[in-house]
Amino acid sequence: MHPRFLRSFTALLAAASFAVLPLRTQAGLPPAVNGQPLPSLAPMLEKVTPAVVNISTKTRVRVSNPFFDDPVFRQFFGLQGSPREQVEQSLGSGVIVDAAKGYVLTNNHVVGGADDITVTLQDGRNVKGTLVGTDPATDVAVVKITADKLQALPIADSSTLRVGDFVVAVGDPFGLGQTVTSGIVSALGRSGLGGSSFQNFIQTDASINPGNSGGALVNLRGELVGINTMILSPSGGNVGIGFAIPTKIASEVMDQLIAHGKVNRGSLGAQTQDITPNIARMLGLKSNEGAVVTRVLPGSAADHAGLEVGDVITAVNGQALQNSDQLNNALGLMPPNSTVNLTALRNNTPRKLTAQLTPQKLATLDGTRLDPRLTGVTFSELSDEQASQGMAGVAVATVNPSSRAAQAGLSAGEVIVGIGNRRITSLRDLQGLVAMRPRQLVLLVATDEGLNYVVVQ
């Protein structure tokens, strides 16, 4: 070997000698580098993961088929004894937030309408869950369990989050078992995504997949900052765009659900919409920020405060508004009798208005008065929030579980937009069409998944 090459090879070998280690040393990361311990999330997660649970539900759904519902068809094809009901199962996640009382925070779409709820703890115990209350408008629900040695997560103030903060998502994606993913806060205040009325989502690139819904989004101190709820994906899997309900909203809703079993919301009595460039030009506005008033209900809080159609609400209690979604979010969690200070523009002149929110009073109609087939169902007008989102129809307020409508698949919270092939926009429309006594009562129902037909026999 040439002497020069030998010297170079010897020097290279000496420089690389640190890599010639026993096999057992190469099996894992060293505990420290240059005397500094390697960063790890493990110590924090050891405290967090026992508080995150798996939730499985069973929902009994009547099999609705217009052919199978026809007695002649059933007799002809020998279907008299075939099952008219099937059981749907789903998986999700939840977070224990009160160990002493056994309260678990999760999503409405995980447990809403379920007949049986089973909560699986990290140590493998299965316990029965009891639904305390749900709020479809925010997609928040509370379940109560009874078990020993529960561990809860402390709740942090999500309003202190900043874009770029590190977060960790914990849940049970695809039923694989408890899984941890990490990322950052990608954006704050996301809205307009559909699925719920009040939206102020935390966006994160921490992997969130089906089954993660209701799981925990925590900061690096192991504090709960959000409840994972949905993803945005063309394929249905994670692409780095996930959303969580901030604890500022979830904890306020939880408190009301525990106290009352439902959320009591105050009403301003005004409908609004976003300001488009055309509306801005028409009103002579300098920007598109705020929410323009399109309707003021007579005798409402907005009416008493002096709000008028064409006014542009730019701030609520000193907080500037970008759009009508932010206005709905700001008002949506305020209880009745709350005092709200509004800043509005009228003819480009700023005005200060004060309104006292009133309880939402929606006209209702008992289904028994419409048709015997609708006995056990109560219908109502759409709420201010639903109307502001452009919905048109009649809301299903309550459904008796033993009613014909429930057996046909109708659920509370859905919106009926048509009878047969006729559209409806009000209780009067519903009353008029049902009064015609159609032989087959076919309801066109809007749900989070789209439009469905419900045939009530």
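## A pocket, salt bridges and a surface patch

The second largest pocket holds about 770 Å³ of space. Its lining is made up of 26 residues. Closest to the centre of this pocket are Asn 200, Lys 248, Ile 249, Asn 329 and Ala 330. Keep in mind that the model is predicted.

Which elements supply at least two residues each to the lining of the second largest pocket? They are strands β11 (179–190), β12 (201–204) and β20 (319–320), together with helices α5 (247–260) and α8 (324–332). By class, the lining has 12 nonpolar residues, 12 polar residues and 2 charged residues.

### Salt bridges

Side chains of opposite charge can pair when their charged atoms come close. The structure holds 7 salt bridges. The table gives three of these pairs.

| Pair | N to O distance |
|---|---|
| Asp 135 and Arg 265 | 2.6 Å |
| Arg 373 and Asp 371 | 2.9 Å |
| Glu 223 and Arg 221 | 3.1 Å |

Take the pair Asp 135 and Arg 265, whose side chains meet in a salt bridge. Asp 135 lies in strand β8 (residues 130–135). Arg 265 lies in the loop between α5 and β16 (266–267). The two positions are 130 residues apart in sequence, so the pair ties together separate parts of the chain. Helix α5 also supplies residues to the lining of the second largest pocket.

Is the pair Asp 135 and Arg 265 buried or exposed? Buried means under 20% relative accessible area. Asp 135 has 5%, so Asp 135 is buried. Arg 265 has 13%, so Arg 265 counts as buried too.

Now turn to Arg 373 and Asp 371. Their side chains also meet in a salt bridge. Both Arg 373 and Asp 371 are buried.

The pair Glu 223 and Arg 221 gives another picture. Glu 223 has 21% relative accessibility, so Glu 223 counts as partly exposed. Arg 221 has 64% and counts as exposed. The cut-off for exposed is over 50%.

Salt bridges can also be linked. Glu 308, Asp 311 and Arg 346 are joined in a network of salt bridges. Arg 346 belongs to strand β21 (339–346).

### Two asparagines in a loop

Strand β21 (339–346) is followed by a loop, and then by strand β22 (349–356). Which residues lie in the loop between β21 and β22? Asn 347 lies there, and so does Asn 348.

What is the phi of each asparagine? Phi of Asn 347 is near 55°. Phi of Asn 348 is near 65°. For Asn 347, this is a positive value in a residue other than glycine. The value for Asn 348 is likewise positive, again in a residue other than glycine.

How exposed are these loop residues? Asn 347 has a relative accessible area of 73%, so Asn 347 is exposed. Asn 348 has 38% and is partly exposed.

### A nonpolar patch on the surface

Which residues form a nonpolar patch on the surface? They are Leu 41, Phe 166 and Leu 220. Together they have about 280 Å² of accessible area. Phe 166 lies in strand β10 (residues 166–171). With a relative accessible area of 54%, Phe 166 is exposed.

### In short

The predicted model shows a pocket of about 770 Å³. The structure holds 7 salt bridges, among them the buried pair Arg 373 and Asp 371. On the surface, Leu 41, Phe 166 and Leu 220 form a nonpolar patch.

Conventions:
Residues are numbered from 1 along each chain as its sequence is written. This is a predicted model: local features need pLDDT of at least 70, side-chain atom pairs count only at pLDDT 80 or more; totals for chains, interfaces and linings use all residues. Side-chain values use heavy atoms; hydrogens and water are left out. Helices (H or I, at least four residues) and strands (E, at least two) are DSSP runs, numbered from the N terminus. Buried means under 20% relative accessible area, exposed over 50%, partly exposed in between (1.4 Å probe, protein chains only). On a 1 Å grid over the protein atoms alone, a cavity is a set of points where a 1.4 Å probe fits but cannot get out, and a pocket is an open set with protein on both sides within 12 Å along at least five of seven lines; lining residues have an atom within 4 Å of a point. Grid points are joined across faces, edges and corners, and a volume is the space filled by probe spheres set on the points. Ala, Val, Leu, Ile, Met, Phe, Trp, Tyr, Cys and Pro count as nonpolar, Asp, Glu, Lys and Arg as charged, and the others, Gly among them, as polar. A salt bridge is a side-chain nitrogen of Lys or Arg within 4 Å of a carboxyl oxygen of Asp or Glu. Patches are made of residues with over 30% relative accessible area and no salt bridge: like charges are joined within 9 Å, nonpolar side chains (Val, Leu, Ile, Met, Phe, Trp, Tyr) within 5 Å. Accessible areas come from the Shrake-Rupley method with a 1.4 Å probe; for residues, only the protein chains shown count as cover.
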